[in-house]
Amino acid sequence: MESETKTENKSKREKENNTDIKSLTLPELQEWVVSEDEKPYRAKQLYDWMHVKLARGYDEMGNIPKILKEKCRKNFDYITLNAVKVQESQIDGTKKFLFELPDGNLVESVWMSYKHGNSVCISSQVGCRMGCSFCASALNGWERNLSPSEMLEQIYAITLLTGERVSNIVVMGTGEPLDNYDNLRRFLELVTNENGLHISQRNITVSTCGIVPVMRRLAEEKLQITLALSLHATTDEKRRKLMPIARKYSLDELMEACAYYFEQTGRRITFEYSLIKGVNDTDEDARELISLADGLNCHINLIPVNPIKERDFKQPERVAAESFKNKLEKNGINVTIRREMGRDIDGACGQLRRSHIAGQP
Ligand code: SAH
């Protein structure tokens, strides 16, 4: 089966200007099916094979006539991802997957099992151009955007490999999802569609470093997804040192965009705050964070920074992180310290891909 999928991908790669069938919405597929003089219900059957039965190729589609399969092959790419590496955490069972895309690029995704269900963290780009100083994904720069089907396939391939249903999705892997907005939007449409995987919008989180105009655009779509903002610092000056995007948009503009998101969607914003020893974990940082969060309907997720060997960032001691959290809590702020999942398996964004490319075990 795997070699069949590989040849299918390879032969398709050699063709130009192919459309990617798994990135089509059901109405688009219906339009094409009808234009080929096929019965309209065939579109739903195809959609079901791709997005519910998670078929690896047209050959598996038992109730689709041979002639229609041929038309599909001629007109469309059928994107599947191959796992080139799977690592399982001995600590918490978290699994990290390194997938090969049809063009040979690599992306990573993480599967986490919680009491309330299974969650998958997907990548949205190959590499990233945001250049945050603590993040491994930024080290090799940006390569390209992922298509909607390549985002979906990370979930589909993991579902097939683990044999378990995914109930939550976090777009927090490599890449800046709001820097690939159109594909992200289409991915969200496909993954929540009732004829597909039908994941509830409320079970999806999209994380951004803070591209203000796109946050506003997303707000206007009035989706019920959670928007997570990577804050990491409480003054413009500090934030600019960690995140180049902060040179473009000020904290004031960001906070206004967060308030706007809540106003438009009614959804509480999550602030992600990576605690870095001596950089953003002082009493003053806590005080400033309290005043930033004041009046905003938000939840703060403290993430002890995951040290990457290329940078000299350290985690605060556990007690220091707890005390930082307590200060926020005492001021009525909703705050958690994120459980570190998969620490023993290159858990931080972009680390697995990077060590694989560098030829390390
Ligand atoms: N580009 C998006 C999503 C990807 S990163 C964003 O910036 O939000 C997902 C989260 O992990 C972000 O909050 C990011 O800042 C954080 N992150 C990246 N590298 C990290 C590290 N080494 N330690 C802790 N958090 C990290």
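Which residues does Ser109 touch, not counting residues up to four places away in sequence? Keep that in mind while you load the view; what you have open is a predicted model.

**Stop 1: the whole chain**

Start zoomed out. The protein has 361 residues, and 57% of them count as buried. Colour by secondary structure and you get 12 helices and 14 strands. Switch on a surface and you are looking at about 16100 Å² of exposed area, 47% of it supplied by carbon and sulfur atoms. Among contacts with a separation of 6 or more, 68% are between residues 24 or more positions apart.

**Stop 2: Ser109**

Now select Ser109, which sits in strand 5, residues 106-114. Back to the opening question: Ser109 touches Lys95, Lys96, Phe97, Phe99, Cys121, Gln154 and Ile158. Show side chains for Ser109 and Gln154, and you'll find a polar contact of 2.8 Å between them. Is Ser109 buried or exposed? It's buried, because its relative accessible area is 0% and the cut-off for buried is under 20%.

**Stop 3: helix 2**

Next, pick residues 26-35, which make up helix 2, and highlight the buried residues Leu26, Leu29, Trp32 and Val33. Look down the axis: these residues cover an arc of only 125°, so they are on the same side of helix 2. Turn to the face pointing away from that buried side, and there you'll see the exposed residues Pro27, Glu31 and Ser35. To see what covers the buried residues, add helix 3 (41-51), helix 4 (66-75) and strand 2 (76-77), which are among the covering elements. Before leaving, click on Asp37, just after helix 2; its phi is positive, about 60°.

**Stop 4: helix 7**

Jump to residues 212-220 for helix 7, where Val212, Val214, Met215, Leu218 and Ala219 are buried. Why do they line one face of the helix? Seen down the axis of helix 7, the buried residues fall within an arc of 165°, so they end up along one face. Bring in helix 6 (181-192), strand 10 (204-208), strand 11 (226-230) and helix 9 (251-265), since these are what the buried residues of helix 7 pack against. Lys222 follows helix 7, with a positive phi near 55°.

**Stop 5: the nonpolar cores**

Nonpolar side chains tend to be buried together in soluble globular proteins. Here the largest nonpolar core has 101 residues; select Leu46, Ile155, Ile169, Phe187 and Ile300, the ones that touch the most other members. Helix 9 gives this core its largest share, 7 residues. Centre on Phe187 and, leaving aside neighbours within four places in sequence, show its contacts: Ile122, Pro148, Met151, Leu152, Ile155, Ile169 and Val171. There is also a second, separate core of 6 residues, including Met112, Cys121, Val170 and Met172. Cys121 may look familiar: it is one of the residues Ser109 touches.

**Stop 6: the ligand**

Finish at the ligand. How many residues surround it? The count is 16, and the closest are Glu176, Ser207, Ser230, His232 and Asn306. Strand 10 and strand 12 (269-275) each supply at least two residues of this shell.

Three distances to check:

- Ser230: a polar side-chain atom lies 2.5 Å from a ligand oxygen atom.
- His232: a polar side-chain atom lies 2.6 Å from a ligand oxygen atom.
- Phe134: a polar backbone atom is 3.0 Å from a ligand nitrogen atom.

Taken alone, the ligand exposes 530 Å², and the protein buries 94% of that.

Key. Residues are numbered from 1 along each chain as its sequence is written. This is a predicted model: local features need pLDDT of at least 70, side-chain atom pairs count only at pLDDT 80 or more; totals for chains, interfaces and linings use all residues. Side-chain values use heavy atoms; hydrogens and water are left out. Helices (H or I, at least four residues) and strands (E, at least two) are DSSP runs, numbered from the N terminus. Buried means under 20% relative accessible area, exposed over 50%, partly exposed in between (1.4 Å probe, protein chains only). A polar contact is a pair of N or O atoms within 3.5 Å; within protein, one must be able to donate a hydrogen and the other to accept it, and residues adjacent in sequence count only if both atoms are side-chain atoms. Contact means heavy atoms within 4.5 Å. The arc is that of the directions from the helix axis to the C-beta atoms. Accessible areas come from the Shrake-Rupley method with a 1.4 Å probe; for residues, only the protein chains shown count as cover. A nonpolar core is a set of buried Ala, Val, Leu, Ile, Met, Phe, Trp, Tyr and Cys residues joined through side-chain atoms within 4.5 Å. A residue is near a molecule or strand if one of its heavy atoms lies within 4 Å of it.
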